[in-house]
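Student: Could you take me through one part of this structure up close? I'd like to see how the sheets are put together and what sits around them.

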Amino acid sequence: MSITQSLSTSMISSSSSAFLVPTQLNSRLQSVSLQPKRVGLCKCVAAPQEEKIAFKTKVSRNANLTKLQAGYLFPEIARRKAAHLLKYPDAQVISLGIGDTTEPIPEVITSAMAKRAYELSTQEGYSGYGAEQGEKPLRAAIATYYRGLGIEENDIFVSDGAKCDISRLQVVFGANVTMAVQDPSYPAYVDSSVIMGQTGQFQKDVEKYGNIEYMKCSPENGFFPDLSTVARTDIIFFCSPNNPTGAAATREQLTRLVQFAKDNGSIIVYDSAYAMYMSDDNPRSIFEIPGAKEVAIETSSFSKYAGFTGVRLGWTVVPKELLFSDGFPVARDFNRIVCTCFNGASNVSQAGGLACLSPEGLGAMRQVIGFYKENTDIITETFSSLGFKVYGGKNAPYVWVQFPGQSSWDVFSEILEKTHVVTTPGSGFGPAGEGFVRVSAFGHRQNILEACKRFKQLYK
């Protein structure tokens, strides 16, 4: 029953019961005489109603959650989109904000999931709980992705996505670590650090949290931080190709990053969720860099390759060579957290993942990725033709457009108000994102073309 139906039913029930209840008054007409009474002027004053106070427990709120600023970026964008639709109910809104895939999952992959789902209805094919680390055939298939890099299937943990694994890794690290992050970067790194208690308070004057090392990545430094100015931290979050800038680190840059981590005794959490979008001859894995297995963890996902944003499937590589300061293997602690907090990825999803890594599946994924890369070309050409400085796009499904001297949220609002297109304000990814807007290439071709037509009308 819908909310409207529920409310309507409730109102009808209330009025009906009031109508049917017997009255306490005598229904017969009576002759009543009233004595005249002198009426004086009276003043009606509304008595204040006593405010009802909800019951409260004696449990204190997690103080770390009070540090978080407003809402998480993408739900906030969704809220503003919803408000816009209330204002313009007939508007044809095009969403190029959140990086959510739009094209169908290739049939070679869905047919494998359908087959696995059907097998669950048979006595022979049914299976319940599986290994928390993932099914052996899928772990072995992922290991072939790292062929020649010294990564074995036991180093691989299959999960419900990279974002979930980022939070599980934070549980492994605990509250008493320091962390560095690219600025700008995917908001989950910073927000999970705040929630874990790794940070200080938010400093409004600089738009940063205390106790986080923000590694500025800008056009001036080629979107790779000047490591000579970066303070030593325990954990370094690094994403390449980067979300949101689309920049991909070169082999020489990643070699410097790995050496920096070794010199400081740090652990790199390397997010390679967009590696298959790489066009340049840049590393697709941090483990292509010699010595990385001693200082790095890599997390990845099928979300942006196979359209698994709703299916949910990813993996994290924790090499056996990676050790804490006391010599204890990081993988053993991560395994404990996984086994405690997670019952393993869906067996149907894992069947899809295995199909993704078959020769036919890899070919199908490359076709989908190629489609989105064509979208980035269209968006890049549009903004470039309008005179904007445009970054990214070549190695990632995001176009990073610069609006010098303007507030990212103001640009976001103007674009939404005047074109009915949703983008993402760059400042939502960190202070260095101010003055930029991220435009996602995830969209149907007709929507991409229509959005670009509207951009040209706005900025011509």
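## Sheets and their surroundings

Tutor: Let's begin with β11 and strand β12 (residues 398-402), which are joined by three bridges and run antiparallel. Keep in mind that what you're looking at is a predicted model. For one facing pair, find Val390, which sits opposite Val401 in β12. Strands in a sheet are held together by backbone hydrogen bonds, and the pairing can be parallel or antiparallel. Here the open sheet has four strands, ordered β11-β12-β15-β14, with antiparallel pairing. At its edges are β11 (390-392) and β14 (424-425), each of them paired on one side only.

Now move over to the other sheet. This open sheet has seven strands, in the order β2-β10-β9-β8-β7-β3-β6, and its pairing is mixed. β2 (156-159) and β6 (212-216) each have a single partner strand, so one side of each has no neighbour in the sheet. Going from one strand to the next, the twist averages 20°. If you zoom in on the β2 edge, you'll find four bridges linking β2 to strand β10 (residues 314-317), and the two run antiparallel. There, Ser159 faces Gly314 in β10.

Helices lie across these strands too. Helix α6 (residues 187-196) lies across β3 (179-183), β6, β7 (235-239) and β8 (267-271), and it runs at about 150° to β3. Helix α9 (residues 330-341) lies across β2, β8, β9 (296-301) and β10, at about 25° to β2.

Next, have a look at the nonpolar side chains. The largest nonpolar core has 96 residues, and the ones touching the most other members are Phe173, Phe238, Ile268 and Ile286. At least three residues of this core come from each of domain 2 (66-104 + 364-459) and domain 3 (107-360). Try clicking on Phe173: setting aside residues up to four places away in sequence, it touches Gln198, Ile235, Ile267, Val269 and Ile297. There's also a second, separate core of 20 residues, with Ile379, Phe383, Val411 and Ala441 among them.

One last stop is a loop. Asn242 is in the loop between β7 and α7 (251-264). Its relative accessible area is 3%, so Asn242 counts as buried. Leaving out neighbours within four places in sequence, Asn242 has contacts with Gln182, Pro184, Ala247 and Ala396. With Gln182 there's a polar contact, side chain to side chain, at 3.4 Å.

Technical notes. Residues numbered from 1 in each chain as written. Predicted model: local features only at pLDDT ≥ 70, side-chain atom pairs only at ≥ 80, totals over all residues. Heavy atoms only, no water. Pairing = 2+ DSSP bridges. Axes fitted to C-alpha atoms, helices over the stretch in contact; angles between N-to-C directions. Contact = heavy atoms within 4.5 Å. Core = buried A, V, L, I, M, F, W, Y, C linked by side-chain atoms within 4.5 Å. Buried < 20%, exposed > 50% of the residue type's maximum accessible area, 1.4 Å probe, protein only. Domains from an automatic or database assignment. Polar contact = N/O pair within 3.5 Å; in protein donor to acceptor, adjacent residues only side chain to side chain.
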